[in-house]
Amino acid sequence: MTARILNGAKIRDSIMEELGEQIRDLKTAGITPGLAAVLVGENPASQIYVRSKVKTCESLGLHSEKIEWPADTSTERLLGLVDDLNRRAEIDGILVQLPLPPQVDSKAVLEAVSPAKDVDGFHPVNIGNLVSGRLGLVPCTPAGIIEILRRSGITMQGARAVIIGRSDIVGKPVAMLLLHNHATVTICHSRTRDLPAVAREADILVAAIGKPAFVTGEFIKPGAAVIDVGINRLTTEEEVRRIFHAPAAALEKLQSKGSVLVGDVQPEDVQEKAGAYTPVPGGVGPLTIAMLMANTVQAARLRRGIPSAKSAGR
Ligand code: NAD
(Lines give C-alpha, C1' and ligand atoms only; values in the text may rest on other atoms or scores of the structure.)
Protein backbone atom coordinates (compact mmCIF):
# COMPACT_ATOMS: atom_id res chain seq x y z
CA MET A 1 0.00 0.00 0.00
CA THR A 2 1.29 3.49 -0.77
CA ALA A 3 0.07 6.04 1.70
CA ARG A 4 -1.51 9.35 0.72
CA ILE A 5 0.70 12.35 1.50
CA LEU A 6 -1.08 15.08 3.45
CA ASN A 7 0.42 18.20 1.90
CA GLY A 8 0.66 20.86 4.60
CA ALA A 9 1.94 23.57 2.28
CA LYS A 10 -1.12 23.25 0.03
CA ILE A 11 -3.50 23.35 3.01
CA ARG A 12 -1.62 26.38 4.36
CA ASP A 13 -2.07 28.14 1.03
CA SER A 14 -5.83 27.69 1.03
CA ILE A 15 -6.09 28.88 4.65
CA MET A 16 -4.01 31.95 3.78
CA GLU A 17 -6.27 32.68 0.84
CA GLU A 18 -9.36 32.53 3.08
CA LEU A 19 -7.66 34.72 5.66
CA GLY A 20 -6.74 37.22 2.96
CA GLU A 21 -10.45 37.61 2.14
CA GLN A 22 -11.40 37.98 5.80
CA ILE A 23 -8.70 40.61 6.30
CA ARG A 24 -9.92 42.56 3.27
CA ASP A 25 -13.45 42.55 4.74
CA LEU A 26 -12.17 43.75 8.12
CA LYS A 27 -10.13 46.48 6.45
CA THR A 28 -13.22 47.65 4.58
CA ALA A 29 -14.80 48.05 8.02
CA GLY A 30 -11.77 50.12 9.09
CA ILE A 31 -10.03 47.37 11.08
CA THR A 32 -6.45 46.24 10.40
CA PRO A 33 -5.55 43.35 12.73
CA GLY A 34 -2.10 43.86 14.28
CA LEU A 35 0.50 41.47 15.70
CA ALA A 36 3.45 42.38 17.94
CA ALA A 37 6.26 39.82 18.00
CA VAL A 38 8.65 40.11 20.95
CA LEU A 39 12.12 38.64 20.55
CA VAL A 40 14.65 38.72 23.38
CA GLY A 41 18.28 37.79 22.74
CA GLU A 42 19.96 36.36 19.68
CA ASN A 43 18.80 32.77 19.38
CA PRO A 44 19.25 32.14 15.61
CA ALA A 45 16.25 29.77 15.32
CA SER A 46 14.02 32.31 17.14
CA GLN A 47 15.25 35.08 14.83
CA ILE A 48 14.26 33.00 11.80
CA TYR A 49 10.82 32.16 13.26
CA VAL A 50 10.05 35.78 14.16
CA ARG A 51 11.26 37.08 10.79
CA SER A 52 9.05 34.61 8.98
CA LYS A 53 6.01 35.45 11.17
CA VAL A 54 6.42 39.18 10.51
CA LYS A 55 6.92 38.57 6.78
CA THR A 56 3.74 36.48 6.63
CA CYS A 57 1.82 39.29 8.37
CA GLU A 58 3.09 41.73 5.76
CA SER A 59 2.11 39.44 2.88
CA LEU A 60 -1.44 39.25 4.27
CA GLY A 61 -1.74 43.01 4.86
CA LEU A 62 -1.76 42.71 8.65
CA HIS A 63 -0.10 45.36 10.79
CA SER A 64 2.99 43.88 12.45
CA GLU A 65 5.71 45.05 14.80
CA LYS A 66 8.92 43.26 15.61
CA ILE A 67 10.27 44.24 19.02
CA GLU A 68 13.83 43.04 19.59
CA TRP A 69 15.44 43.44 22.99
CA PRO A 70 18.91 42.39 24.20
CA ALA A 71 19.60 39.06 25.94
CA ASP A 72 20.16 40.74 29.34
CA THR A 73 16.61 42.17 29.52
CA SER A 74 15.04 41.73 32.96
CA THR A 75 11.66 40.20 33.78
CA GLU A 76 10.46 43.60 35.05
CA ARG A 77 11.27 45.39 31.80
CA LEU A 78 9.56 42.69 29.78
CA LEU A 79 6.49 42.84 32.00
CA GLY A 80 6.43 46.60 31.33
CA LEU A 81 6.58 45.98 27.58
CA VAL A 82 3.77 43.41 27.70
CA ASP A 83 1.67 45.82 29.78
CA ASP A 84 2.19 48.52 27.17
CA LEU A 85 1.24 46.14 24.32
CA ASN A 86 -1.84 44.98 26.25
CA ARG A 87 -3.03 48.60 26.34
CA ARG A 88 -2.32 49.56 22.72
CA ALA A 89 -5.51 49.52 20.62
CA GLU A 90 -3.82 48.73 17.29
CA ILE A 91 -2.25 45.53 18.66
CA ASP A 92 -4.59 42.52 18.59
CA GLY A 93 -2.04 39.78 19.09
CA ILE A 94 1.09 39.54 21.25
CA LEU A 95 3.59 36.83 20.59
CA VAL A 96 6.49 36.33 22.96
CA GLN A 97 8.97 34.11 21.16
CA LEU A 98 10.26 31.25 23.33
CA PRO A 99 12.72 30.38 24.72
CA LEU A 100 13.33 33.53 26.78
CA PRO A 101 16.80 33.99 28.34
CA PRO A 102 17.34 32.08 31.61
CA GLN A 103 17.16 35.13 33.93
CA VAL A 104 13.61 35.90 32.71
CA ASP A 105 10.61 34.39 34.48
CA SER A 106 8.97 33.05 31.30
CA LYS A 107 5.81 31.92 33.05
CA ALA A 108 5.25 35.37 34.56
CA VAL A 109 5.74 37.03 31.16
CA LEU A 110 3.39 34.65 29.33
CA GLU A 111 0.73 35.04 32.02
CA ALA A 112 1.00 38.83 31.80
CA VAL A 113 -0.18 38.78 28.17
CA SER A 114 -3.85 39.71 28.06
CA PRO A 115 -5.85 36.52 27.31
CA ALA A 116 -7.67 38.52 24.59
CA LYS A 117 -4.34 39.09 22.80
CA ASP A 118 -2.75 35.71 23.54
CA VAL A 119 -2.44 34.47 19.94
CA ASP A 120 -0.27 31.51 20.99
CA GLY A 121 -3.14 30.25 23.17
CA PHE A 122 -0.80 29.52 26.11
CA HIS A 123 -2.49 31.69 28.77
CA PRO A 124 -4.27 29.68 31.53
CA VAL A 125 -7.55 31.44 30.66
CA ASN A 126 -7.31 30.24 27.06
CA ILE A 127 -6.31 26.76 28.19
CA GLY A 128 -9.41 26.74 30.41
CA ASN A 129 -11.51 27.85 27.44
CA LEU A 130 -10.00 25.09 25.31
CA VAL A 131 -10.75 22.41 27.91
CA SER A 132 -14.34 23.58 28.35
CA GLY A 133 -14.94 23.81 24.60
CA ARG A 134 -15.24 27.62 24.35
CA LEU A 135 -12.78 27.74 21.51
CA GLY A 136 -11.29 31.20 21.13
CA LEU A 137 -7.53 31.39 20.81
CA VAL A 138 -6.24 27.85 20.38
CA PRO A 139 -2.51 26.88 20.31
CA CYS A 140 -1.33 27.10 16.69
CA THR A 141 0.27 23.72 15.98
CA PRO A 142 -2.63 21.69 17.44
CA ALA A 143 -5.13 23.88 15.55
CA GLY A 144 -3.11 23.24 12.37
CA ILE A 145 -3.28 19.47 12.93
CA ILE A 146 -7.08 19.63 13.11
CA GLU A 147 -7.15 21.66 9.88
CA ILE A 148 -5.04 19.02 8.12
CA LEU A 149 -7.37 16.23 9.24
CA ARG A 150 -10.54 18.17 8.43
CA ARG A 151 -9.44 19.45 5.05
CA SER A 152 -8.10 16.02 4.04
CA GLY A 153 -11.43 14.35 4.78
CA ILE A 154 -10.10 12.20 7.62
CA THR A 155 -12.98 11.28 9.91
CA MET A 156 -12.39 12.26 13.53
CA GLN A 157 -15.85 11.41 14.87
CA GLY A 158 -15.74 7.99 16.51
CA ALA A 159 -12.11 7.42 15.46
CA ARG A 160 -9.54 6.04 17.89
CA ALA A 161 -6.92 8.78 18.24
CA VAL A 162 -3.62 8.14 20.01
CA ILE A 163 -1.26 11.00 20.80
CA ILE A 164 2.32 10.28 21.77
CA GLY A 165 3.61 13.21 23.86
CA ARG A 166 1.89 15.22 26.59
CA SER A 167 3.43 18.67 26.24
CA ASP A 168 1.41 21.81 27.00
CA ILE A 169 2.19 23.15 23.53
CA VAL A 170 1.22 20.15 21.38
CA GLY A 171 0.18 16.89 23.06
CA LYS A 172 -2.39 18.10 25.58
CA PRO A 173 -4.12 20.72 23.41
CA VAL A 174 -4.35 18.46 20.35
CA ALA A 175 -5.91 15.78 22.58
CA MET A 176 -8.57 18.30 23.66
CA LEU A 177 -9.30 19.37 20.09
CA LEU A 178 -9.62 15.76 18.93
CA LEU A 179 -11.96 15.10 21.85
CA HIS A 180 -14.11 18.10 20.87
CA ASN A 181 -14.19 16.61 17.38
CA HIS A 182 -15.63 13.39 18.92
CA ALA A 183 -12.58 11.13 18.62
CA THR A 184 -11.87 8.58 21.35
CA VAL A 185 -8.58 9.89 22.65
CA THR A 186 -5.62 8.26 24.39
CA ILE A 187 -2.57 10.29 25.45
CA CYS A 188 0.71 8.37 25.74
CA HIS A 189 4.04 9.43 27.21
CA SER A 190 7.41 8.12 28.34
CA ARG A 191 5.88 5.97 31.08
CA THR A 192 3.19 4.34 28.93
CA ARG A 193 3.38 0.57 29.07
CA ASP A 194 3.71 -1.25 25.72
CA LEU A 195 3.53 1.94 23.69
CA PRO A 196 3.62 0.23 20.24
CA ALA A 197 0.56 -1.84 21.14
CA VAL A 198 -1.39 1.25 22.27
CA ALA A 199 -0.31 3.19 19.17
CA ARG A 200 -1.40 0.31 16.92
CA GLU A 201 -5.00 0.84 18.04
CA ALA A 202 -5.03 4.30 16.47
CA ASP A 203 -6.98 5.29 13.39
CA ILE A 204 -5.31 8.68 13.91
CA LEU A 205 -1.81 8.61 15.37
CA VAL A 206 -0.17 11.90 16.38
CA ALA A 207 3.56 11.84 17.20
CA ALA A 208 4.83 14.86 19.18
CA ILE A 209 7.86 13.54 21.01
CA GLY A 210 10.97 15.26 19.66
CA LYS A 211 12.91 12.03 18.97
CA PRO A 212 13.94 11.26 15.39
CA ALA A 213 12.07 8.32 13.82
CA PHE A 214 10.89 7.11 17.22
CA VAL A 215 7.63 5.78 15.75
CA THR A 216 8.45 2.77 13.60
CA GLY A 217 6.30 0.37 11.58
CA GLU A 218 5.30 -1.65 14.66
CA PHE A 219 3.46 1.42 16.04
CA ILE A 220 1.28 1.89 12.96
CA LYS A 221 -2.02 0.15 12.25
CA PRO A 222 -2.22 -0.52 8.49
CA GLY A 223 -4.21 2.30 6.88
CA ALA A 224 -3.98 4.72 9.84
CA ALA A 225 -3.61 8.49 9.42
CA VAL A 226 -0.25 9.45 10.91
CA ILE A 227 0.46 13.06 11.89
CA ASP A 228 4.14 13.70 12.50
CA VAL A 229 4.76 16.87 14.53
CA GLY A 230 8.46 16.28 15.24
CA ILE A 231 11.19 18.38 13.69
CA ASN A 232 14.62 16.83 14.26
CA ARG A 233 17.79 17.80 12.46
CA LEU A 234 20.30 15.05 11.66
CA THR A 235 23.83 16.31 11.14
CA THR A 236 26.02 13.20 10.98
CA GLU A 237 26.34 10.35 8.55
CA GLU A 238 26.07 7.91 11.44
CA GLU A 239 22.66 9.28 12.48
CA VAL A 240 21.39 9.20 8.91
CA ARG A 241 22.51 5.58 8.45
CA ARG A 242 20.93 4.60 11.78
CA ILE A 243 17.56 6.12 10.88
CA PHE A 244 17.00 5.42 7.19
CA HIS A 245 16.71 1.83 5.88
CA ALA A 246 17.84 3.03 2.41
CA PRO A 247 19.93 6.09 3.26
CA ALA A 248 21.30 7.06 -0.19
CA ALA A 249 19.03 10.07 -0.85
CA ALA A 250 19.30 11.33 2.74
CA LEU A 251 23.10 11.01 2.66
CA GLU A 252 23.17 13.07 -0.51
CA LYS A 253 21.07 15.75 1.16
CA LEU A 254 23.37 15.69 4.20
CA GLN A 255 26.33 16.28 1.90
CA SER A 256 24.76 19.11 -0.06
CA LYS A 257 22.82 20.87 2.74
CA GLY A 258 24.77 19.93 5.86
CA SER A 259 21.73 18.45 7.62
CA VAL A 260 18.62 16.33 7.07
CA LEU A 261 15.25 16.99 8.67
CA VAL A 262 13.37 14.01 10.02
CA GLY A 263 10.18 13.80 12.05
CA ASP A 264 9.29 11.61 15.01
CA VAL A 265 8.06 8.94 12.60
CA GLN A 266 10.33 6.65 10.56
CA PRO A 267 9.73 8.02 7.05
CA GLU A 268 9.99 4.77 5.09
CA ASP A 269 7.83 2.70 7.49
CA VAL A 270 5.03 5.27 7.45
CA GLN A 271 4.89 5.29 3.65
CA GLU A 272 4.53 1.54 3.69
CA LYS A 273 1.99 1.10 6.47
CA ALA A 274 -0.12 4.23 6.88
CA GLY A 275 -3.17 5.18 4.84
CA ALA A 276 -2.19 8.86 4.96
CA TYR A 277 0.61 10.80 6.60
CA THR A 278 2.16 14.23 6.98
CA PRO A 279 5.72 14.40 5.63
CA VAL A 280 8.60 16.20 7.36
CA PRO A 281 9.26 18.82 6.15
CA GLY A 282 6.06 20.04 4.48
CA GLY A 283 3.39 18.51 6.73
CA VAL A 284 2.44 20.07 10.06
CA GLY A 285 5.15 22.76 9.98
CA PRO A 286 3.60 25.08 7.37
CA LEU A 287 0.31 25.19 9.28
CA THR A 288 1.73 26.70 12.47
CA ILE A 289 2.30 30.21 11.09
CA ALA A 290 -0.99 30.11 9.17
CA MET A 291 -2.83 29.38 12.41
CA LEU A 292 -0.99 32.23 14.15
CA MET A 293 -2.36 34.53 11.46
CA ALA A 294 -5.83 32.99 11.92
CA ASN A 295 -5.59 33.65 15.67
CA THR A 296 -4.57 37.27 15.09
CA VAL A 297 -7.62 37.82 12.89
CA GLN A 298 -9.79 35.97 15.41
CA ALA A 299 -8.41 38.11 18.27
CA ALA A 300 -9.19 41.29 16.30
CA ARG A 301 -12.79 40.11 15.90
CA LEU A 302 -13.27 38.86 19.46
CA ARG A 303 -11.96 42.10 20.97
CA ARG A 304 -14.50 44.09 18.97
CA GLY A 305 -17.37 41.64 19.45
CA ILE A 306 -17.53 40.85 15.71
CA PRO A 307 -18.93 37.34 15.14
CA SER A 308 -16.37 34.84 13.80
CA ALA A 309 -16.34 33.84 10.20
CA LYS A 310 -16.10 30.05 10.09
CA SER A 311 -12.47 30.27 11.04
CA ALA A 312 -9.70 27.83 10.54
CA GLY A 313 -8.60 25.72 13.49
CA ARG A 314 -11.77 25.54 15.53
P1 NAD B 1 8.28 18.33 24.53
O2 NAD B 1 9.70 17.93 24.68
O3 NAD B 1 7.72 19.43 25.33
O4 NAD B 1 7.36 17.05 24.81
C5 NAD B 1 7.70 15.78 24.34
C6 NAD B 1 6.73 14.76 24.89
O7 NAD B 1 7.14 13.49 24.40
C8 NAD B 1 6.69 14.69 26.40
O9 NAD B 1 5.38 14.90 26.82
C10 NAD B 1 7.13 13.28 26.74
O11 NAD B 1 6.26 12.65 27.67
C12 NAD B 1 7.00 12.54 25.41
N13 NAD B 1 8.09 11.56 25.33
C14 NAD B 1 9.41 11.75 25.47
N15 NAD B 1 10.07 10.58 25.38
C16 NAD B 1 9.14 9.64 25.18
C17 NAD B 1 9.20 8.24 25.05
N18 NAD B 1 10.35 7.58 25.07
N19 NAD B 1 8.04 7.57 24.86
C20 NAD B 1 6.85 8.22 24.81
N21 NAD B 1 6.74 9.56 24.95
C22 NAD B 1 7.87 10.26 25.14
O23 NAD B 1 8.06 18.58 22.95
P24 NAD B 1 6.94 19.40 22.14
O25 NAD B 1 7.10 20.85 22.35
O26 NAD B 1 5.60 18.78 22.30
O27 NAD B 1 7.45 19.09 20.65
C28 NAD B 1 7.52 17.78 20.15
C29 NAD B 1 8.16 17.80 18.78
O30 NAD B 1 7.36 18.58 17.91
C31 NAD B 1 9.55 18.45 18.74
O32 NAD B 1 10.31 17.75 17.75
C33 NAD B 1 9.29 19.85 18.26
O34 NAD B 1 10.37 20.41 17.56
C35 NAD B 1 8.12 19.63 17.34
N36 NAD B 1 7.25 20.79 17.18
C37 NAD B 1 6.90 21.11 15.91
C38 NAD B 1 6.05 22.17 15.67
C39 NAD B 1 5.66 22.49 14.26
O40 NAD B 1 5.30 23.60 13.96
N41 NAD B 1 5.72 21.51 13.37
C42 NAD B 1 5.54 22.93 16.73
C43 NAD B 1 5.88 22.54 18.04
C44 NAD B 1 6.72 21.46 18.24
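This text walks through a predicted model, from its domains to its sheets, cores and salt bridges.

Start with the overall division. The protein chain splits into domain 1, residues 29-119, and domain 2, residues 141-286. Their C-alpha centres are 29 Å apart.

Turn next to the open sheet. It is built from 6 strands, and the pairing is parallel. Reading across, the order is β1-β11-β8-β7-β5-β6. Strand β1, residues 4-5, sits at one edge, and β6, residues 184-188, is the other edge strand. Each of these two pairs on one side only.

The β6 end of this sheet can be followed in detail. Strand β5 covers residues 160-164 and pairs with β6 in the parallel sense. The pairing runs over 5 bridges. Within it, Ala 161 stands opposite Val 185 of β6. A helix covers this region: α7, residues 171-180, lies across β5, β6 and β7. Strand β7 spans residues 204-207. The angle between α7 and β5 is about 170 degrees. Angles here run from 0 to 180 degrees between N-to-C directions, so α7 and β5 point in nearly opposite directions.

Another parallel pair involves β2 and β4. Strand β2, residues 34-40, is joined to β4 by 4 bridges. Val 38 stands opposite Val 96 in β4. Strand β4 itself covers residues 93-96. In a regular strand, side chains alternate between the two faces of the sheet. Strand β4 can be read residue by residue. Gly 93 and Leu 95 point one way, while Ile 94 and Val 96 point the other way. All four residues are buried.

Now look at the nonpolar interior. In soluble globular proteins, nonpolar side chains tend to be buried together. Here the largest nonpolar core has 54 residues. The residues with the most contacts inside this core are Ile 145, Leu 178, Val 206, Ile 227 and Met 293. Which helix gives the most to this core? Helix α12, residues 285-304, does so, with 8 residues. The core also draws on both domains, taking at least three residues from each of domain 1 and domain 2. Another core lies apart from it and has 18 residues. Its members include Leu 195, Phe 219, Val 270 and Ala 274.

Met 293 merits a closer look. Its neighbours within four places in sequence are left aside here. Beyond them, Met 293 is in contact with Met 16, Leu 19, Leu 35, Lys 53, Thr 56, Cys 57, Leu 60 and Leu 62.

Ala 300 is in helix α12. Is Ala 300 buried or exposed? Its relative accessible area is 0%, so Ala 300 is buried. With neighbours within four places in sequence set aside, Ala 300 is in contact with Pro 33 and Asp 92. Ala 300 and Leu 35 are 265 residues apart in sequence. In space, their C-alpha atoms are 9.7 Å apart.

Finally, consider the charged pairs. The whole structure holds 14 salt bridges. One of these joins Asp 83 to Arg 87, with the closest N and O atoms 3.1 Å apart. Why can this pair be placed along one helix? Asp 83 and Arg 87 are 4 residues apart in helix α3, residues 75-87, so about one helical turn separates them. Asp 83 is partly exposed, at 35% relative accessible area. Arg 87 is exposed, at 63%.

Helix α9, residues 237-243, offers a pair with that spacing: Arg 241 and Glu 237 are 4 residues apart, about one turn of the helix. Their side chains meet in a salt bridge of 3.0 Å, N to O. Arg 241 is partly exposed, with a relative accessible area of 48%. Glu 237 is partly exposed too, at 44%.

Salt bridges can also share partners. Glu 18, Glu 147, Arg 150 and Arg 151 are joined into one network in this way.

A further pair is Arg 88 and Glu 90, whose closest N and O atoms are 2.8 Å apart in a salt bridge. Arg 88 has a relative accessible area of 22% and is partly exposed. Glu 90 is partly exposed, at 38%.

How values were computed:
Residues are numbered from 1 along each chain as its sequence is written. This is a predicted model: local features need pLDDT of at least 70, side-chain atom pairs count only at pLDDT 80 or more; totals for chains, interfaces and linings use all residues. Side-chain values use heavy atoms; hydrogens and water are left out. Two strands pair if DSSP finds at least two bridges between them. Contact means heavy atoms within 4.5 Å. A nonpolar core is a set of buried Ala, Val, Leu, Ile, Met, Phe, Trp, Tyr and Cys residues joined through side-chain atoms within 4.5 Å. Buried means under 20% relative accessible area, exposed over 50%, partly exposed in between (1.4 Å probe, protein chains only). Domain bounds come from an automatic or database domain assignment. A salt bridge is a side-chain nitrogen of Lys or Arg within 4 Å of a carboxyl oxygen of Asp or Glu.
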